[in-house]
Amino acid sequence: MSVLSAFMRGVTRLNDFVGRWIALLIFAMFAFLLLEVGFRYLLKAPTVWTNEFTQMLFGIYAVMSGGYIMAHRGHVNVDLLHSHLKPRKRAVLDLFTSVIFFIFTLALLWFGIDMAQESISSWETSYSAWNPPIWPVKLAIPLGTGLLVLQGLVKLLEDIAVAFNLDYYTPDQGEPEGEHL
């Protein structure tokens, strides 16, 4: 079971690492938008690339952060029933709802891989005035979804351990590093 625990910790650490680096894109987006405001209103010379580039960075930010958010329990939940259950019953309920999660994310992964391959094979660009390559943004879709699926697998293994009182996982181990407040 130590291999399973190591896998779970490794996936969570990977998502934590990726999420912390991807979070830095916020500063780049902020800087580019400020640059555009300065050029547009102060110098009366708007750029053709800052808005589109910021949108591309935001797309990467959005799809690559899912695993990190899941590892830190940051996704929005409707807790009408869930929050009132004891941990074992909550884990059993999560086992059932994980089916929906995996149907959606595996479909997104499948179609995302296809879309990214097609985009990379044609060196797809945006066809705008600036015309940057957009295949890196499309490549981020299956990469980010893959990280989310892996973290979902970790969550599934945690729920199985809690629901069936297995010893390869104890809830105090599931808290990612850096989350001690």
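The side chains of Ser128 and Ser126 are joined by a polar contact of 2.9 Å. Since you have the coordinates open, keep in mind that this is a predicted model. Ser128 sits in the loop between helix H5 (87-121) and helix H6 (135-163). Is Ser128 buried, partly exposed or exposed? With a relative accessible area of 29%, Ser128 counts as partly exposed, because the range for that class lies between 20% and 50%. Ser128 also gives us a link to another part of the chain: Ser128 and Val48 are 80 residues apart in sequence, yet their C-alpha atoms are 9.0 Å apart in space.

Stay in the loop between H5 and H6 for a moment, since Asn131 is found there too. The backbone is what to look at here: phi of Asn131 is near 60 degrees, a positive value in a residue other than glycine. For context, most residues other than glycine have a negative phi. Asn131 has a relative accessible area of 34%, so Asn131 is partly exposed.

From this loop we can step into helix H6, where Lys138 has its place. The side chain of Lys138 reaches the side chain of Glu124 in a polar contact of 3.0 Å. If neighbours within four places in sequence are left aside, Lys138 is in contact with Met115, Ala116, Ser119 and Glu124. Beyond the helix, in the segment after H6, you will find Asn165. Asn165 has a phi near 55 degrees, again a positive value in a residue other than glycine. Where Asn131 is partly exposed, Asn165 is exposed, because its relative accessible area of 61% is over the 50% cut-off.

Now let us see how H6 packs against H3. The axes of H3 and H6 come within 8 Å and cross at roughly 15 degrees. That angle is under 35 degrees, so H3 runs roughly parallel to H6. The crossing of the two helices, H3 and H6, is right-handed. On the H3 side, the contact is formed by Met56, Ile60, Val63 and Met64, which meet Val137, Ala140, Ile141, Leu143, Gly144, Thr145 and Leu147 of H6. What is the chemical character of the residues in the contact of H3 with H6? They divide into nine nonpolar, two polar and no charged residues.

H3 has a second partner to visit, H2. The axes of helix H2 (residues 25-42) and helix H3 (residues 50-64) come within 9 Å, crossing at roughly 165 degrees. Because this angle is over 145 degrees, H2 is roughly antiparallel to H3. H2 passes H3 in a left-handed crossing. H2 contributes Leu25, Ile26, Ala28, Met29, Phe32, Leu33, Leu35, Glu36 and Arg40 to the contact, and H3 contributes Thr50, Asn51, Phe53, Thr54, Leu57, Phe58, Ile60 and Tyr61. The residues of this contact of H2 with H3 divide into twelve nonpolar, three polar and two charged. Ile60 of H3 deserves a second look: Ile60 takes part in the contact with H2 and also in the contact with H6.

Our last stop is Thr47, in the loop between H2 and H3. Which side chains does Thr47 join through polar contacts? One polar contact, of 2.3 Å, links the side chain of Thr47 to that of Glu36, and another, of 2.7 Å, links the side chain of Thr47 to that of Thr50. Leaving aside neighbours within four places in sequence, Thr47 is in contact with Glu36 and Phe39. Glu36 and Thr50 both appear among the residues that make the contact between H2 and H3.

Technical notes:
Residues numbered from 1 in each chain as written. Predicted model: local features only at pLDDT ≥ 70, side-chain atom pairs only at ≥ 80, totals over all residues. Heavy atoms only, no water. Axes fitted to C-alpha atoms, helices over the stretch in contact; angles between N-to-C directions. Helix = DSSP H or I, 4+ residues; strand = E, 2+ residues; numbered from the N terminus. Parallel < 35°, antiparallel > 145°, perpendicular 65-115°, else oblique. Left-handed = near helix turned anticlockwise from the far one by under 90°. Contact = heavy atoms within 4.5 Å. Nonpolar A, V, L, I, M, F, W, Y, C, P; charged D, E, K, R; others polar. Polar contact = N/O pair within 3.5 Å; in protein donor to acceptor, adjacent residues only side chain to side chain. Buried < 20%, exposed > 50% of the residue type's maximum accessible area, 1.4 Å probe, protein only.
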